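Q: Please take one part of this model and go through it closely. Explain each technical term when it comes up.

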Amino acid sequence: MESMTGYGTAEGRVGKGRLFVEIKSINHRFNEINVKIPARMGVLEAHIRSRLTAVFPRGKVDVFFKEKEPLFGGVAVTIDVDIARQYQRLLRRMKQELGIDSDSKGQFLQIVGLDRVLRVEEAEGSYEKLWSQIGKLIDKAVSQVRQMRRREGAHIGRDQRKRLARLKALIVAIRRESERSLDSHLHRLRKKVATAAGTQVDEQRLAAEVSYLGGRQDIAEELLRLESHIKQYGGVMGESDQIGRKLDFLLQEMHREINTIGSKASDAKISQLVVDCKSELERLREQIQNVQ
């Protein structure tokens, strides 16, 4: 069993620089991959989505990339000579026309500003050619995420088995109370029929009442299906595939059976046991929302 909550990071040398990858996943009904990468790495988005969707078919996954060192080498600093000359000509003209006493080169740079004449450019290259290296970093981060998801999944699994055992015990109690309740109803019914008919019991009428009562209050079929669903649930928990949706379906069926039992059984003790069953089923359902 694997949960949908996990976190992982990876950092390593890619090309001429260093790349940092962070992946976070949380529970979500469907599959949602959010890729947050620098705009210049946009060409890799489809590759990243495809790789993550293959390993995280369910849940919300956020992946973040940061170039800690430029992947295509350092930056290149150049002087925009044409712009610098234009500024210089304008300043000379201002000096002549306005009589400004300014002739030092230091003042020129202060007035114009270095950022207007210097150009800082990062080296460019093909990110797709670096994909195999980037993919290995993603796999490393994914491995950490899955380890965390498996640890939490194992914890959920242990708690689920305890709740299934509790649910089985409640069903045994419901079956026992159902037999007691039916015997009690039959006893009261026999007395009622005997009183109405005098000292003799009208067996024909009693049989009709028993048949009616049995149809209304017999919960044997629902208990049988409930036990079958619980057995299947335990079996699915042992599978290594994506089991969240299967378990969710079985829980819906169990809810349906226990609701039917609650509506059929007109007995206070059985009603209380049904409430306890619903409580356990709801806790199981909440946990399954975080299972892949």
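**Charged pairs and their burial**

A: Glu-257 counts as buried because its relative accessibility is 2%. Buried stands for under 20% relative accessible area, exposed for over 50%, and partly exposed for what lies in between, with a 1.4 Å probe and protein chains only. The model is predicted, and local features need pLDDT of at least 70, side-chain atom pairs count only at pLDDT 80 or more, while totals for chains, interfaces and linings use all residues. Residues are numbered from 1 along each chain as its sequence is written, and side-chain values use heavy atoms, with hydrogens and water left out.

The partner of Glu-257 is Arg-256, and the two form a salt bridge whose closest N and O atoms are 3.9 Å apart. A salt bridge here is a side-chain nitrogen of Lys or Arg within 4 Å of a carboxyl oxygen of Asp or Glu. Side chains of opposite charge can pair when their charged atoms come close. Unlike buried Glu-257, Arg-256 is partly exposed because its relative accessibility is 49%.

This pair belongs to a network of salt bridges that links Glu-221, Glu-222, Arg-225, Glu-253, Arg-256, Glu-257 and Lys-264. Within the network, Arg-225 and Glu-222 also form a salt bridge, again with the closest N and O atoms 3.9 Å apart. Both sit in helix 7 (residues 220-237), and because they are three residues apart there, about one helical turn separates them. Helices are DSSP runs of H or I with at least four residues, strands are runs of E with at least two, and both are numbered from the N terminus. An α-helix has 3.6 residues a turn, so residues three or four places apart point the same way. Glu-222 is buried because its relative accessibility is 6%, and Arg-225, at 35%, is partly exposed.

Helix 9 (residues 268-288) offers another pair, Glu-280 and Arg-283, which are three residues apart and therefore separated by about one helical turn. Their side chains meet in a salt bridge at 3.4 Å, N to O. Glu-280 counts as buried because its relative accessibility is 7%, whereas Arg-283 has 37% and counts as partly exposed.

Helix 9 has 21 residues and reaches 30 Å from its first C-alpha to its last, close to the 30 Å expected at 1.5 Å a residue. That expected span is 1.5 Å times one less than the number of residues. Glu-280 is one of the buried residues of helix 9, which are Ile-270, Leu-273, Val-274, Cys-277, Glu-280, Leu-281, Leu-284, Gln-287 and Ile-288. Seen down the axis of helix 9, these buried residues fall within an arc of 140°, so they line one face of the helix. The arc is taken from the directions from the helix axis to the C-beta atoms.

As background, the structure holds 26 salt bridges. The protein chain has nine helices and six strands, and 36% of its 292 residues count as buried. Residues 24 or more positions apart account for 79% of the contacts with a separation of 6 or more, where a contact means heavy atoms within 4.5 Å.
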